[in-house]
Amino acid sequence: MKFHLAINLERLTAGIDMRDVERHTLEMVQMADRGGFRIAWAAEHHALEMTIAPNPFQILTWWAAHTDNIRLGTAVAVAPYWHPINLAGEAALLDLFSGGRLEFGIGSGAYQREFDRMRPGLKQADGWRYMQELLPVVVALWQGDTAHHGEFWQFPQSTSVPKPLQKPHPPLWVAARAPVSFDYAVNNACNIMSWPLTRPMSEVALYRERFDQALAGRADADANAPAPTPIFAVMRHTAVYDNAADWEIPVAAAQRQYAQFENLFKNLGDVKNGFPKAVDFSELANRDEYNPQMLHDNLLFGTPDQVIAKLHRYRDLGVDEFVYYASLGLGMREQKRSLELFCKEVMPSFA
């Protein structure tokens with residue numbers, strides 16, 4: 001099993017110095033680079049202090065200048081917010097600057113609040129339609145001159161400048177949970193990253209089932225010359241700690257952050273200066289998803305031995321690569337100790 005790091009520039013309160021956030025985030029990525037992680041992922045979000053990522057390519061270019069081997073991915077570029085020519089050029093420029101280390105991830109977007117500001121009038125539930133039109137156009141622009149007359153974008157003959165270093169193009173990734181996204185990814189030679197949030201391992205098994213169904217039904221299926229099988233990766237909030245008695249520390253941090261996520265998912269509008277108000281779990285129909293013991297059991301929380309045992313379950317379910325999601329409201333010191341333990345005591349078991 002191979003490992004990725006997903007991390008955001010994360011500012012939990014107005015009292016935290018943004019320069020400390022910057023330094024901490026880069027140091028975490030450098031630790032992952034030295035520790036043998038395969039990919040580091042940067043998100044795209046807007047006007048939110050908990051995920052400071054207005055342009056993932058700018059973040060990845062910064063990381064590229066301070067790392068040696070780790071590959072650099074967008075998780076994800078939000079399709080409805082981009083023009084194809086702009087997106088193709090930004091991505092190719094990063095591939096050039098990084099020496100061919102780009103992993104190109106694209107998705108449909110997460111929060112209606114962001115759509116209301118970045119693409120007014122568009123429902124978040126319709127974002128996948130933009131993603132499905134955009135990706136083939138970006139790939140075509142990377143190859144050379146192409147014109148496009150689609151439903152959402154139209155432009156005369158143009159090309160990506162520069163072109164990516166990687167040929168025929170950087171690896172493609174799609175964020176997928178719904179069956180339509182799995183089908184699209186498999187039929188377009190994209191790797192898949194799924195995030196089961198706080199749900200139990202049965203959710204991971206469900207995603208693997210959807211992945212296998214998409215593989216069985218892909219449009220270009222050819223028994224004599226099968227296409228390469230995409231990578232199936234799963235992301236979870238992760239925290240490794242020295243003592244089992246410390247289990248409540250990451251759980252409390254996760255509760256705080258998921259209380260803010262619920263505000264955004266439900267588009268409650270209670271966001272001040274980029275900080276979402278935490279939702280009271282007692283008011284939620286899905287409040288059982290945030291039970292402390294359940295969070296400990298379902299997320300990748302534990303001592304090194306406990307985390308190794310949990311990762312064996314992912315591997316047994318057919319997860320090819322695991323994404324260590326570091327940003328969950330933990331203190332900076334705890335985040336670094338967690339990553340240190342993961343690199344030194346967990347990863348060797350899967351080498």
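Mentor: Contact here means heavy atoms within 4.5 Å, and the structure we are going to discuss is a predicted model.

Trainee: Leaving aside its neighbours within four places in sequence, which residues is Glu321 in contact with?
Mentor: Glu321 has its place in strand 14, and at 6% relative accessibility it counts as buried, because the cut-off for that word is under 20%. Once the neighbours within four places in sequence are left aside, the residues in contact with Glu321 are Met1, Lys2, His4, Arg38, Trp173, Ile231, Phe232, Ala233 and Val234.

Trainee: How many bridges join strand 10 to strand 14?
Mentor: Among the contacts of Glu321 are Phe232, Ala233 and Val234, and strand 10 covers residues 232–240. Strand 14, residues 321–325, runs parallel to strand 10, and within this pairing Val234 has Phe322 as its bridge partner. The number of bridges that join the two strands is five.

Trainee: Which residue in strand 13 does Ala239 stand opposite?
Mentor: Strand 10 also runs parallel to strand 13, which spans residues 300–302, and three bridges join them. In that pairing, the residue opposite Ala239 is Phe301.

Trainee: In what sense do strand 9 and strand 10 pair, parallel or antiparallel?
Mentor: Strand 9 is made up of residues 191–194, and its pairing with strand 10 extends over three bridges. Ile192 stands opposite Phe232 of strand 10. The sense in which strand 9 and strand 10 pair is parallel.

Trainee: How many residues of strand 10 are buried?
Mentor: Strand 10 is described as mostly covered. In a regular strand the side chains alternate between the two faces of the sheet, so it is worth asking about burial residue by residue along the strand. For strand 10, the number of buried residues is nine of its nine.

Trainee: Which residue offers the backbone oxygen that the side chain of Thr74 reaches at 2.8 Å?
Mentor: Thr74 is found in strand 3, residues 71–74, and it counts as buried because its relative accessibility is 0%. Leaving aside neighbours within four places in sequence, its contacts include Trp41, Phe57, Glu103 and Gly105. The backbone oxygen that the side chain of Thr74 reaches at 2.8 Å belongs to Gly105.

Trainee: How far apart in space are Thr74 and Gly318, C-alpha to C-alpha?
Mentor: In sequence, Thr74 and Gly318 are 244 residues apart. In space, their C-alpha to C-alpha distance is 23 Å.

Trainee: Why is the pair of Trp41 and Trp173 stacked, tilted or edge-to-face?
Mentor: By the ring-pair rule the count comes to 24 aromatic pairs. In the pair of Trp41 and Trp173 the ring centres are 5.3 Å apart and the planes stand at 80 degrees, over the cut-off of 60, so the pair is edge-to-face. Trp41 lies in strand 2 and Trp173 in strand 8, so the pair ties together parts that are 132 residues apart in sequence. Both residues are buried, and the class of the pair, to return to what you asked, is edge-to-face.

Trainee: What is the angle between the planes of Tyr130 and Trp153?
Mentor: Tyr130 and Trp153 form an edge-to-face aromatic pair, 5.7 Å centre to centre. Tyr130 lies in helix 5 and Trp153 in the loop between strand 6 and strand 7, so the pair ties together parts that are 23 residues apart in sequence. Tyr130 is buried, with a relative accessible area of 9%, and Trp153 is buried with 5%. The angle between their planes is 90 degrees.

Technical notes:
Residues are numbered from 1 along each chain as its sequence is written. This is a predicted model: local features need pLDDT of at least 70, side-chain atom pairs count only at pLDDT 80 or more; totals for chains, interfaces and linings use all residues. Side-chain values use heavy atoms; hydrogens and water are left out. Buried means under 20% relative accessible area, exposed over 50%, partly exposed in between (1.4 Å probe, protein chains only). Helices (H or I, at least four residues) and strands (E, at least two) are DSSP runs, numbered from the N terminus. Two strands pair if DSSP finds at least two bridges between them. A polar contact is a pair of N or O atoms within 3.5 Å; within protein, one must be able to donate a hydrogen and the other to accept it, and residues adjacent in sequence count only if both atoms are side-chain atoms. Rings of Phe, Tyr and Trp (its six-membered ring) pair if their centres lie within 6.5 Å; planes under 30 degrees apart count as stacked, over 60 as edge-to-face and the rest as tilted.
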